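This report describes the structure shown below, taking one topic at a time.

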There are 2 protein chains.
Amino acid sequence: MEQKQLSEADIRAAFTSSARSVFRTLFQSGPATRPQLGSTLGLSRPTLSSSIAELFAAGYVEKIGEVQGPLGRKAAMYRLGAGAGHVIAIDAGSTHVRTRVTTLDRRLLHHRVYRLSSNQRHLGAEISHAVAEEVEATLALTEPGWGKLRALGIALPSRVVADNAARAATGQENLFSHFTPPDGVPLLLENNVNCAALAEQSHGVAQGLNDFAYIQIGLKIGMGLVLGGRLIRGRSGAAGEIGHLPFPWGPGLRPQNAGLEDYVGAEALMQRTRAAWPQDAGAAPADTAALFALAGEGHAAALAQVKRHAEDIGAIVSACVGVVDPGIVVLGGGIGDNAIMLPYVRETVDRLSYPTEIHASSLGADATVLGIEKIAADHACELLVGK
Amino acid sequence: MEQKQLSEADIRAAFTSSARSVFRTLFQSGPATRPQLGSTLGLSRPTLSSSIAELFAAGYVEKIGEVQGPLGRKAAMYRLGAGAGHVIAIDAGSTHVRTRVTTLDRRLLHHRVYRLSSNQRHLGAEISHAVAEEVEATLALTEPGWGKLRALGIALPSRVVADNAARAATGQENLFSHFTPPDGVPLLLENNVNCAALAEQSHGVAQGLNDFAYIQIGLKIGMGLVLGGRLIRGRSGAAGEIGHLPFPWGPGLRPQNAGLEDYVGAEALMQRTRAAWPQDAGAAPADTAALFALAGEGHAAALAQVKRHAEDIGAIVSACVGVVDPGIVVLGGGIGDNAIMLPYVRETVDRLSYPTEIHASSLGADATVLGIEKIAADHACELLVGK
DNA sequence: TTTGTTTGTTAAGGTGCGTAACATAATAAG
DNA sequence: CTTATTATGTTACGCACCTTAACAAACAAA
């Protein structure tokens, strides 16, 4: 193993810098012809020739066809080869465990959704068990054509910190109660909301943006922050833990620990809704989905609740704008991506903050897996050819 | 002028990459011997020889002496030469205009403090006038040994945005009512709180840190945020405008625009203090300095006010931790760097947030000027030898 | 003075890219 | 069907930038 890793590093060192940038381009942008690579990277044809020869010899790229332009000779088209390997991405969610296996340039090799027997509020034994099974099953059906497994990424519903000492407090260690990660494969853990934010950046509303905030509103509330193109994790992995914003707060009002999380969560919302529900308005909605359905039909009592909730969300957004002014905020999660709230959220933010675009997420339940997949693929690419 | 700039760019292109990195090292770390440069940069002696020859020929470095080790030949010591030029940094503050002129490697060539006739609450005509005079005076006494003026940096008590269209709303344009910037010199504007934050990073409590928040508490309140080694400015230059955090905020409480700024400012603090001051406690303090002095002596009523204020500051810090979790927060400004508040702030943050170190700034009134000076010097260096 | 050590220079070689010229393969025009 | 034009790919060669090796210079200690 040690020997293999060393030879891997040797391969990387052996590649010329132009070869590495060709690899990175194919990694980021998918298949391309030599002339395309040459013009985007500003490299000459001879350089490209030797770069591709290097990569091809290592199995890192392969030719997948030829493209005929309007005139002249056909151009050869290349993509990452089997030697580049593949990654496994797992979203260890509270209701489902979603698994995706892809090449580094994101070609789907395998995917699967496993439904948990019950709603897991915290990262615990059942999730750990499910992850172990998913990994084992995936490893079992690995095909030779996939190449080496380069990274295993897992998105967790907990804070995630790299620092060994601080881990115990996050609960992230519970992942390993029934799951032993495979040997010799880089294991990447990331918070699920952060993953969803990255997915918005690579596949969703925040496509290509370097600065934005993603706020996920569901049972709980959380934020993923991307600034300067980088995910902001925070010293304790607590960046985006906006459930800990000071609340309630005002003259003579003492903020409570996690007071906002308790107030703005789905349970509290439904409790307030039931308490305020008029006698003559029919049966109170059973859950948030029912509440938003009623509001969508124009039901006055439901709409009033939704509006008040949206104003609270707006205040949360304003807190984020006041601290980092991201310019763009994406709302996601079962409650957040609801279109009914959007205008009320915007109204509140307009009243309280500097100009901020607010969008609803269009990505569905796959967002988190796609995010952790990107993290795993990025890591694998960096491992092979550096930054 | 156009011609000069072109030839300047040519010089940069003419330098080898090793020469550029030698320049950057001398810029960042000050004078060094050749062996030192060689070992820190991993360059061989012949390479260093030619790099320094290049830079010396352009006047970018000069020899300032020789150092004798315990054994062997003396090592030549170099620093940036006159050809590298100098920068002017100006803090256009509300009570003083501070000017510093330095070489790129921060050797002080000239400095001056100009006291404004009255406290300027906003960036207006008098500040503009004072800046114009300071720049003119400095340009007049420029010595040939200083080399070319490479950049002029000005710290402003307003939001600063690069985008032309959005400028009008910030008030930053008021700077130019009586001040015309010199031709052909890069002009760099930055918010004064952001500058103070950078000064903490280069000279103060946050020395060398890549992630921290600097919160300035005085007449008004503001924050400078450094994450991943970079200053976070925000889409509208409004990152750190924490006076716009939602406040008051709670069940049935509607946040007001800039409600926190009004509540937590020095004026409001003194108003509350006067209102709550007991009849038998002597005369109420006239200003915050007097209030903190009394609190320092153990005066109960004063201490109660300071403590309550510290709890509000603690809530503000908690809001920042909830959004970005910087890990370290530096408190500055006339009120913020007061040691009496520190334990109460810490108490509140400990109660509400993830572990966060909180320090009082040790830099005095020069912080802002030092920060804009660093911005100007960095820009000048990048101009000469790239990133 | 000699010896060993560090610094600086000169000479020679290698890597990674470029340009120039040529070979190849396609379309368009006659 | 041949020829002209154009784009792609390869080969030959040169340049820029760095390295190692060897040598020269300058110092302290023996």
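## Surface near DNA strand D

In this predicted model, both protein chains contribute elements to the surface near DNA strand D. From chain A, α3 (34-41), α4 (45-57) and β3 (75-80) each supply at least two residues, as do α2 (17-29) and α4 (45-57) from chain B. The largest share belongs to α4(A), with three residues.

DNA strand D is surrounded by 24 residues. The closest are Arg34(A), Gly72(A) and Ala76(A) from chain A, together with Ser18(B) and Thr47(B) from chain B. Sorted by class, the surface near DNA strand D comprises eleven polar, eight nonpolar and five charged residues.

## Contact between chains A and B

Each protein chain enters the contact between them with a stated number of residues: 41 from chain A and 41 from chain B. On the side of chain A that touches chain B, at least two residues are supplied by each of β10 (221-227), β11 (230-232), α10 (300-324) and α12 (342-352). Helix α10(A) provides the largest share of this side, namely eight residues. The class composition of this side of chain A is 25 nonpolar, ten polar and six charged residues.

## Relation of the two copies

A turn of 180° with a shift of 0.1 Å along the axis lays chain A on chain B, with an RMSD of 0.1 Å. The two copies are therefore related as by a two-fold rotation axis. Within chain A, the residue that comes closest to this rotation axis is Trp249(A), whose C-alpha lies at 2.6 Å.

The interface can be compared between the copies as well. Because 100% of the interface residues of chain A are also interface residues in chain B, the copies meet through the same surface.

## The sheet of chain A

Chain A contains an open sheet of five strands with mixed pairing, ordered β6-β5-β4-β7-β8. The edges are occupied by β6 (108-115) and β8 (187-191) of chain A; each has a single partner strand, so one side of each is left without a neighbour in the sheet. On average, and with direction ignored, neighbouring strands of this sheet are turned by 15° against each other.

Within the sheet, β4 (residues 86-92) and β7 (residues 149-156) of chain A pair in the parallel sense over six bridges. Ala89(A) has Gly153(A) as its bridge partner in β7(A). Helix α13 (residues 367-385) of chain A packs on the sheet and touches β4, β5 (96-103), β7 and β8 of chain A. The direction of α13(A) makes about 145° with that of β7(A).

## The sheet of chain B and its helix

In chain B, an open sheet of five strands has mixed pairing and the order β6-β5-β4-β7-β8. Its edge strands, β6 (108-115) and β8 (187-191) of chain B, each pair on one side only. The average turn between neighbouring strands of this sheet is 15°, direction ignored. Strands β4 (residues 86-92) and β7 (residues 149-156) of chain B are joined in the parallel sense over six bridges, and Ala89(B) finds its bridge partner in β7(B) in Gly153(B).

Helix α14 (residues 367-385) of chain B packs on this sheet, where it touches β4, β5 (96-103), β7 and β8 of chain B, at about 145° to the direction of β7(B). A further helix, α7 (residues 192-202) of chain B, meets α14(B): their axes come within 7 Å and cross at roughly 85°. Since crossing angles of 65 to 115 degrees count as roughly perpendicular, α7(B) and α14(B) are therefore roughly perpendicular to each other. Residues making the contact include Asn192(B), Cys195(B) and Leu198(B) of α7(B), and Leu370(B), Ile372(B) and Ile375(B) of α14(B). The residues of this contact divide into nine nonpolar, four polar and two charged.

## Backbone geometry

The peptide bond from Phe247(A) to Pro248(A) is cis, with omega near -10°. Pro248(A) is placed in the loop between β11 and α7 (259-264) of chain A. In chain B, a cis peptide bond joins Phe247(B) and Pro248(B), with omega about -10°, and Pro248(B) is found in the loop between β11 (230-232) and α8 (259-264) of chain B.

Asp325(A) has a positive phi of about 45°, although it is not a glycine. This residue, Asp325(A), lies in the loop between α10 and β12 (328-332) of chain A.

Key
Residues numbered from 1 in each chain as written. Chains lettered and ligands numbered in written order. Predicted model: local features only at pLDDT ≥ 70, side-chain atom pairs only at ≥ 80, totals over all residues. Contact = placed C-beta atoms within 7 Å. Helix = DSSP H or I, 4+ residues; strand = E, 2+ residues; numbered from the N terminus. Nonpolar A, V, L, I, M, F, W, Y, C, P; charged D, E, K, R; others polar. Near = placed C-beta within 6 Å. Least-squares fit on C-alpha atoms with pLDDT ≥ 70 in both. Pairing = 2+ DSSP bridges. Axes fitted to C-alpha atoms, helices over the stretch in contact; angles between N-to-C directions. Parallel < 35°, antiparallel > 145°, perpendicular 65-115°, else oblique.
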